[in-house]
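Grab a pencil and work through some exercises with worked solutions. Try each task yourself before you read on.

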Amino acid sequence: MGSRHEPGRRYDRGVNSPLKVAVLGCGSVGSQVVRLLGEQADDLAARVGAPVQLAGVAVRRLDAPREVDVPAELLTTDAAALVARDDIDLVIEVIGGIEPARSLILSALENGASVVTANKALLAEDGPTLFEAAEKAGRDLYYEAAVAGAIPILRPLRESLAGDKVTRVLGIVNGTTNFILDKMDTQGSGFADALEEAQALGYAEADPTADVEGFDAAAKAAILASLAFHSRVTAADVHREGITDVTAADVRSAREMGSVVKLLAIAELVPSADPAEDAGVSVRVHPAMIPRSHPLASVREAYNAVFVESEAAGQLMFYGPGAGGSPTASAVLGDLVTVARNHRQGTRGVGESAYADRAVLPMGETRTRYHVAIDVDDRAGVLAAVAQAFAEHGVSIQTVRQEGRGNDAQLVVVSHEASDAALAATVEQLRDMEIVREVTSVMRVEGTEE
């Protein structure tokens, strides 16, 4: 099996011989990959320059119901043996999770196969190990389907913008949460009711934790930041907040400001105060209010969109279905064609780029804005005291308005940009003030200040 690493080994069967593909997993994505491999066989052969042949499909149970018919002789429960076969040229991993996916990908690379994966969680947790294994083996590791389904966003960051300097990536990268927040905005639904509707329509899992608590979006944010800023960023580096605390009142308040609430993945370069030092990277996932005039505000239902800002190209937006078997399979097949072409021509695509090695900054150093709703006593001096609390932490107030009277009195404050640490300290001080009955809502505000 060591001969697989020798130059020319990939040509042993001839340049026009079929490229043999193993698929790991036959769930909603895997089944669509298998279907497309069959239905588009002629087109794939024309695009690659050689036939692409399904050589095996690894599954957990041979007798499980599937969305696509797979010949019995291609099914196996021994994924480890499948990826170690000498005749496998390319492995598609769509089983998800950390293990056994990591071990199977590493084995495939060590045995000379290139890999296409949709595994965002693994890439965000241990991507460097996979990239180093691909480099050592002289094989490709492609993963367009790991972020935003069918939307081609990783390839533009990795290749099309390679001559530019990306400064910010702002995106809606989780369809489940976008569906929920959209229903809360357009129908006035509460979080629980919107989540129940998402589950009924198949947009949310029975256990929606990964989506609504932001874990899914954080993994994608780490991948986007790594590519955009040529630095290694893991999911553990990402500041993460979910949407479970977003209330109907928050959504109404956003509407009154001409804004909408979205769960945003934000990765940006933060210039150092010392010109001699390199910029750092801020990476965060949290709900935020954005102006309805912003392109991301119009992203509805379970769709995804990623907004990229760069020095030369300016502002770019990528939009489309962010999940689902067929959209994700489309991205997988796109990678397959590229990797198969590379394999046939004896070349490799672009590997990991981490040359910049920028530091990931703590959330407290990130500059942002807050929307704060405060239940207060309705008496003279309250507004001045609240304003003083902001001033003590160096936070300037952009707007303030009072709603209600008496026991229903509430102040709604929107700050100018300040460090997140200063804003958080301000909120803590407000909570300790005698005139404040409760800080009912705290949400970040993104978008250009008026």
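The exercises below go from a sheet to helices and then to single side chains, and keep in mind that the model is predicted.

**Exercise 1. Lay out the open sheet: what is the strand order, and which strands are at the edges?**

Step 1. Write down the order of the six strands: β3-β2-β1-β4-β5-β6, with parallel pairing.
Step 2. Look for strands that pair on one side only: these edge strands are β3 (75–76) and β6.

**Exercise 2. Take strand β4 (residues 90–93) and work out how β1 and β5 pair with it.**

Step 1. Start with β1 (residues 19–24): β1 and β4 pair in the parallel sense over four bridges. Here valine 21 has leucine 90 as its bridge partner.
Step 2. Now go to β5 (residues 114–117), which runs parallel to β4 and is joined to β4 by four bridges. In this pairing, valine 91 stands opposite valine 115.
Step 3. Trace the chain from β4 through helix α4 (residues 101–110) to β5, and you get a right-handed β-α-β unit.
Step 4. Check the two faces of β4. Leu90 and Ile92 are buried on one side, Val91 and Glu93 are buried on the other, and both faces are covered.

**Exercise 3. Check the length of helix α12 (residues 325–345) against its expected span, then decide how enclosed α12 is.**

Step 1. Use 1.5 Å a residue, multiplied by one less than the number of residues. For the 21 residues of α12, that should give 30 Å.
Step 2. Compare with the model: the end C-alpha atoms of α12 are 30 Å apart, which agrees.
Step 3. Count the buried residues, where buried means under 20% relative accessible area. In α12, 15 of the 21 residues are buried, so the helix is largely enclosed by the rest of the structure.
Step 4. Step past the end of α12, and you meet glycine 346, with a positive phi of about 75°.

**Exercise 4. Do the same for helix α7 (residues 175–186), and find out what covers its buried residues.**

Step 1. The twelve residues of α7 should span 16 Å at 1.5 Å a residue, and the end C-alpha atoms are 16 Å apart, which agrees.
Step 2. Eleven of the twelve residues of α7 are buried, so this helix is largely enclosed by the rest of the structure. Among them are Gly175, Asn178, Phe179 and Met184.
Step 3. List the cover: it includes β7, α8 (191–200), α9 (209–212), α11 (248–256), β9 (259–270) and β11.

**Exercise 5. Describe the surroundings of isoleucine 172: is this residue buried or exposed, and what does it touch?**

Step 1. Find isoleucine 172 in strand β7 (residues 166–172).
Step 2. Its relative accessible area is 1%, so isoleucine 172 counts as buried.
Step 3. Skip residues up to four places away in sequence, and isoleucine 172 touches Asn178, Lys262, Leu263, Leu264, Leu296, Val299, Tyr303, Asn304 and Ala305.
Step 4. For contrast, try serine 103: 69 residues from isoleucine 172 in sequence, and 31 Å away in space, C-alpha to C-alpha.

**Exercise 6. How many aromatic pairs does a search of the whole structure find? Work through two examples.**

Step 1. The search turns up three aromatic pairs.
Step 2. One of them joins phenylalanine 131 and tyrosine 143, with centres 5.6 Å apart and 55° between the planes, which makes it tilted. Phenylalanine 131 is in helix α5 (residues 120–137), while tyrosine 143 is in the loop between β6 (141–142) and α6, twelve residues apart.
Step 3. Check burial: phenylalanine 131 is buried at 15% relative accessible area, and tyrosine 143 is buried at 7%.
Step 4. Another pair is tyrosine 303 with tyrosine 319, stacked at 5.3 Å centre to centre and 10° between the planes. Tyrosine 303 sits in strand β11 (residues 303–310) and tyrosine 319 in strand β12 (residues 314–321), 16 residues apart.
Step 5. Check again: tyrosine 303 is partly exposed at 35%, and tyrosine 319 is partly exposed at 48%.

**Exercise 7. Over which ring does the charged end of arginine 158 sit?**

Step 1. Locate arginine 158 in helix α6 (residues 154–160). Its relative accessible area is 10%, so arginine 158 is buried.
Step 2. Leave aside neighbours within four places in sequence, and the contacts of arginine 158 are Tyr142, Tyr143, Leu227 and Val350.
Step 3. The charged end of arginine 158 sits over the ring of tyrosine 143, 5.9 Å from the ring centre.
Step 4. Now look at arginine 240, whose charged end sits over the ring of phenylalanine 215, 3.8 Å from its centre.

Methods:
Residues are numbered from 1 along each chain as its sequence is written. This is a predicted model: local features need pLDDT of at least 70, side-chain atom pairs count only at pLDDT 80 or more; totals for chains, interfaces and linings use all residues. Side-chain values use heavy atoms; hydrogens and water are left out. Helices (H or I, at least four residues) and strands (E, at least two) are DSSP runs, numbered from the N terminus. Buried means under 20% relative accessible area, exposed over 50%, partly exposed in between (1.4 Å probe, protein chains only). Contact means heavy atoms within 4.5 Å. Two strands pair if DSSP finds at least two bridges between them. A crossover is right-handed if, with the strands pointing away from the viewer, the path from the first strand over the helix to the second runs clockwise. Rings of Phe, Tyr and Trp (its six-membered ring) pair if their centres lie within 6.5 Å; planes under 30 degrees apart count as stacked, over 60 as edge-to-face and the rest as tilted. A charge sits over a ring if NZ of Lys or CZ of Arg is within 6 Å of the ring centre and within 35 degrees of the ring normal.
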